[in-house]
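Open your viewer and keep the sequence panel in sight. We will go from stop to stop, with something to select at each one.

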Amino acid sequence: MDHVTKRFGNHTVLDDISLTVHRGEVIVVIGPSGCGKSTLLRCINALEKIQGGEIKLGNEKIEYGSKRLPSLRQKIGMVFQNYELFPHLTVLGNIQLAPVKVQKRNLAEVQAEAIGWLDRVGLEGRENSYPRELSGGQKQRVAIVRALCMHPEILLFDEVTAALDPEMVREVLDVMLALAAQGRTMLIVTHEMRFARAAADRILFLDGGKIMEDSDPETFFTHPQTERARRFLSTFQFDNIKKL
Ligand code: ADP
Ligand code: MG
């Protein structure tokens, strides 16, 4: 992202943001509610039009409404808080839809890959279930598998555990930790601070439309540079964060 500005009317949500995400990097974005975290991810996927600057994936410009956008978007996996699974399709139906219809890949090959991933995220035997038959944590793991089966170059996660009951948060975070350990390129918005510290290569603290801090997790959590970050962190419970 190079000098990206995003406004809604007169409200500047992203104010001249520049950010480079390197291949294999895991970046966790944190910041107070309304500071623009979701907007940042949505701009990367060109779900939002930007008013200034540019966003590139590799050497290709990501432009709202451009002809190249549909094929570029296939390289950007996005997982949302509310899963966005199709209720009338099975787990497998949801996962295989885009790889087969959009990427024109072989059905049997996509299904084999999907079932392999479902096994690895603890959903063996659930391929023919419907979303309504799954818990929130299971649905979110299906949504992650669906994103992975597109073979994206970067994965964007927007508060994917925020709607889950506490006992289901862990199973989803564990999948994300495993993906991080595999060297996937990930940009993660979360309020799970222990997870952030364990998974991130870099922490970005966003506030007032700016990246206020961009540092390694150890530095961020032990010596935040700004008063705003210190105040933000003080609202979280860190009982045993040292153990991570
Ligand atoms: P966060 O994800 O950090 O909580 P958001 O990116 O959702 O924040 O929102 C950032 C700001 O932009 C908020 O003030 C929000 O009200 C505003 N905003 C988000 N989407 C829209 C929209 N479609 N139209 C107008 N304002 C919006
Ligand atoms: Mg948000």
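**Stop one: around ligand 1**

Select ligand 1 and the residues near it (a heavy atom within 4 Å): Phe-8, His-11, Val-13, Pro-32, Ser-33, Gly-34, Cys-35, Gly-36, Lys-37, Ser-38 and Thr-39. Before going on, note that this is a predicted model, in which local features need pLDDT of at least 70, side-chain atom pairs count only at pLDDT 80 or more, and totals for chains, interfaces and linings use all residues. Residues are numbered from 1 along each chain as its sequence is written, chains are lettered from A and ligands numbered from 1 in the order in which they are written, and side-chain values use heavy atoms, with hydrogens and water left out.

Now colour by secondary structure, where helices (H or I, at least four residues) and strands (E, at least two) are DSSP runs numbered from the N terminus. Both β2 (11–17) and α1 (37–44) supply at least two residues of the shell around ligand 1. The largest share, 3 residues, comes from α1. Sorted by class, the shell has 4 nonpolar, 6 polar and 1 charged residues; here Ala, Val, Leu, Ile, Met, Phe, Trp, Tyr, Cys and Pro count as nonpolar, Asp, Glu, Lys and Arg as charged, and the others, Gly among them, as polar.

Next, show the distances to the ligand's oxygen atoms. A backbone N or O atom of Gly-36 is 3.0 Å from an oxygen atom of ligand 1. For Lys-37, a side-chain N or O atom lies 2.8 Å from a ligand oxygen, and for Thr-39 a polar side-chain atom is 2.5 Å from one. Ligand 1 taken alone exposes 560 Å², and the protein buries 59% of that (Shrake-Rupley method, 1.4 Å probe).

**Stop two: the pockets**

Hide the ligand and look for open space. A pocket is an open set of points on a 1 Å grid over the protein atoms alone, where a 1.4 Å probe fits, with protein on both sides within 12 Å along at least five of seven lines; lining residues have an atom within 4 Å of a point.

Select Met-78, Phe-80, Ala-98, Arg-146 and Met-150: of the 21 residues lining the largest pocket, these lie nearest its centre. Its volume is about 580 Å³, counted as the space filled by probe spheres set on the points, which are joined across faces, edges and corners. At least two lining residues each come from α2 (69–73), β7 (76–79), α3 (91–101) and α5 (136–148), and α3 gives the most, with 5 residues. The lining has 13 nonpolar, 4 polar and 4 charged residues.

The second largest pocket has a volume of about 470 Å³. To find it, select Val-21, Lys-56, Leu-57, Gly-58 and Ile-154, the closest to its centre of the 19 residues in its lining. By class, that lining has 10 nonpolar, 4 polar and 5 charged residues.

**Stop three: two loop residues**

Which way does the backbone turn at Glu-84, to a positive or a negative phi? Select Glu-84 in the loop between β7 and α3: its phi is positive, near 55°. Then move to His-151, in the loop between α5 and β8 (154–158). His-151 also has a positive phi, about 55°, although it is not a glycine. Most residues other than glycine have a negative phi.

Key:
Polar contact = N/O pair within 3.5 Å; in protein donor to acceptor, adjacent residues only side chain to side chain.
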